[in-house]
Amino acid sequence: MGARGLISLKKMRVRGVQAGDLAQVIDIDAGITGLRKPDYWAEILQRYGSGRRQQRFFLVAEAEGRIEGFVIGEVRDWEFGSPPCGWVFAISVRPEARLAGAGTALLESICEGFRKLGVTKLRTMLSRDNSLILSFFRSQGMMAAPFIPLEKDLE
Amino acid sequence: MRLQKNSLAALYSVLEFASDPGRQLSASEIAAKYHLSPHHLSKVLRVLGREGLLESVRGVGGGYRFTGNAKRLTLMDVIGLFENISAPRRGGRRGARSETEAFAPVEVEDAVAVVLAEIDEIAKATLRSITLDTMLKLMARRRK
C-alpha cells in the first residue's frame, strides 16, 4: 500500500464531479485500464456531470485536493423487464489509495442518491475475470442477480 | 459443480476458525459440530496448517488457530488446496472418451461440453470473488 493508501476517511469527502476533475478521472481510468479515453470521458461528463442530474450520478472521492476515485451510475426504468433500479456502471479508485474506504464511501453515496429517488435495488455488471472488483462488490453484500447476460459474435 | 468432501470440510473449518481468529479449536470439536469424521478432518486441517491458513497449537487443549488473511483468502483459494477445479473442462474431442461418450456423436458431445463449461466458468468466477471475510458478513446477515 502506498503512502496515500493511509488517507483517513475523515479527510475524504464524496461530492458531485466538476469539470476541473476530469483530467484526474481520465488519469485514474488510464492507469487502471491502460487506455486513455479523453473523448469518452468528456461525453460522460456531459451526460452525467454538471451536478446531480435527475436519475444520473457521477461522484468523486476527494482527499486533500486530489481525486482518489469516482463512481458513475443511474436509475434505469423497466429495462430488462425490471422495476426501476440503480445501476452502477463504473467505479474506480487509485491503486495507491485503496483499502482506505474510498470505494465503500463512493458506493454508499451513490446508493443514498438512489434511495432518495425511491429505488430499493442496486445492480451492476462486470467481467467474470475481474476478481478484484467482483470481490469488492461481494464485500458490499451484492449477490448474483436473477439475470444472465448473453452475447453472440456478429459475423 | 459438486465439491469433494475434503473441500467442503476445509471450507467449514476455515470459516469456523476465521469467525473468531483468536480462538483455538480441535479437530474433534469441529468434526462434532459439522458431523464430519474426526480422522478425516484431521488430515484436512493438517493441509490447511501446512499451507499457512492455520497454526497448530500443541499441549493440553491444543488444536489449531486461524492465521490466514480473511480479507484476501477466497473460497477458490481454499478449495484449490484439495481439488483442481480451475482447469478447463475437457472438450468432447480432446482426451479419452468414456464408455457412454463413445456412443455419442462427437458434435453432441462437444455441444454438451460447451454448455457445461459455461456453467463451470460462472461457478469458478463466483468462488474466486468471495473472500472469507465476505462469507462471514453473509453468515452474519443470515443470522439476523
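# A tour of the predicted two-chain model

Begin by selecting A:Arg66 in β3(A), which is the bridge partner of A:Ala63. The model on screen is predicted, and the predictor assigns the complex an ipTM of 0.75 and a pTM of 0.83.

**The sheet of chain A**

Keep β3(A) selected and add β2(A): the two strands run antiparallel and are joined by eight bridges. Between them, the hairpin has two residues, and A:Glu64 in this hairpin takes a positive phi near 50°.

Next, display strand β2, residues 56–63 of chain A, by itself. Six of its eight residues are buried, so that the strand is mostly covered. Strand β3, which spans residues 66–76 of chain A, is likewise mostly covered, with eight of its eleven residues buried.

Now bring in strand β1, residues 12–16 of chain A, which runs antiparallel to β2(A) and is joined to it by five bridges. To find a pair of residues here, select A:Arg13; opposite this residue, in β2(A), stands A:Glu62.

Return to β3(A) and add strand β4, residues 85–93 of chain A. Eight bridges join these two strands, which run antiparallel. A pair to pick out is A:Gly73 and its bridge partner in β4(A), A:Val88.

**The nonpolar cores**

Which residues have the most contacts inside the largest nonpolar core? Select A:Leu59, A:Phe70, A:Val71, A:Ala102, A:Leu106 and A:Ile110; the core to which they belong has 29 residues. Colouring chain A by element shows where this core comes from: β1, α1 (22–33), α2 (38–48), β2, β3, β4 and α3 (102–116) each give two or more residues to it. The element that gives the most is α3(A), with six residues. In general, nonpolar side chains in soluble globular proteins tend to be buried together.

Centre the view on A:Ala102. Apart from its neighbours within four places in sequence, A:Ala102 is in contact with A:Met12, A:Ala61, A:Glu68, A:Gly69, A:Val93 and A:Ala97. A second, separate core has 23 residues, and to locate it one may select B:Phe17, B:Ala18, B:Ala31 and B:Met135, which are among them.

**Chain B as a whole**

Show chain B alone, in cartoon form. Its secondary structure consists of six helices and three strands, and from the N terminus on its elements follow the order α-β-α-α-β-β-α-α-α. Colour chain B by confidence: the mean pLDDT is 89, and 89% of the residues reach 70 or more.

How much of chain B counts as buried? The figure is 22% of its 144 residues. Among the contacts in chain B with a separation of 6 or more, 63% are between residues 24 or more positions apart.

**Where the chains meet**

Finally, display both chains together and select the residues at their contact. Eleven residues of chain B are in contact with eight residues of chain A. On the chain B side, α5 (106–129) and α6 (132–143) each supply at least two residues. The largest share of that side comes from α5(B), which provides six residues. What is the character of the residues with which chain B touches chain A? Coloured by type, they divide into three nonpolar, four polar and four charged residues.

Conventions
Residues numbered from 1 in each chain as written. Chains lettered and ligands numbered in written order. Predicted model: local features only at pLDDT ≥ 70, side-chain atom pairs only at ≥ 80, totals over all residues. Contact = placed C-beta atoms within 7 Å. Helix = DSSP H or I, 4+ residues; strand = E, 2+ residues; numbered from the N terminus. Nonpolar A, V, L, I, M, F, W, Y, C, P; charged D, E, K, R; others polar. Buried ≥ 20, exposed ≤ 12 C-beta atoms within 10 Å, placed from the backbone. Pairing = 2+ DSSP bridges. Core = buried A, V, L, I, M, F, W, Y, C linked by C-beta atoms within 7 Å. pLDDT = per-residue confidence, 0-100.
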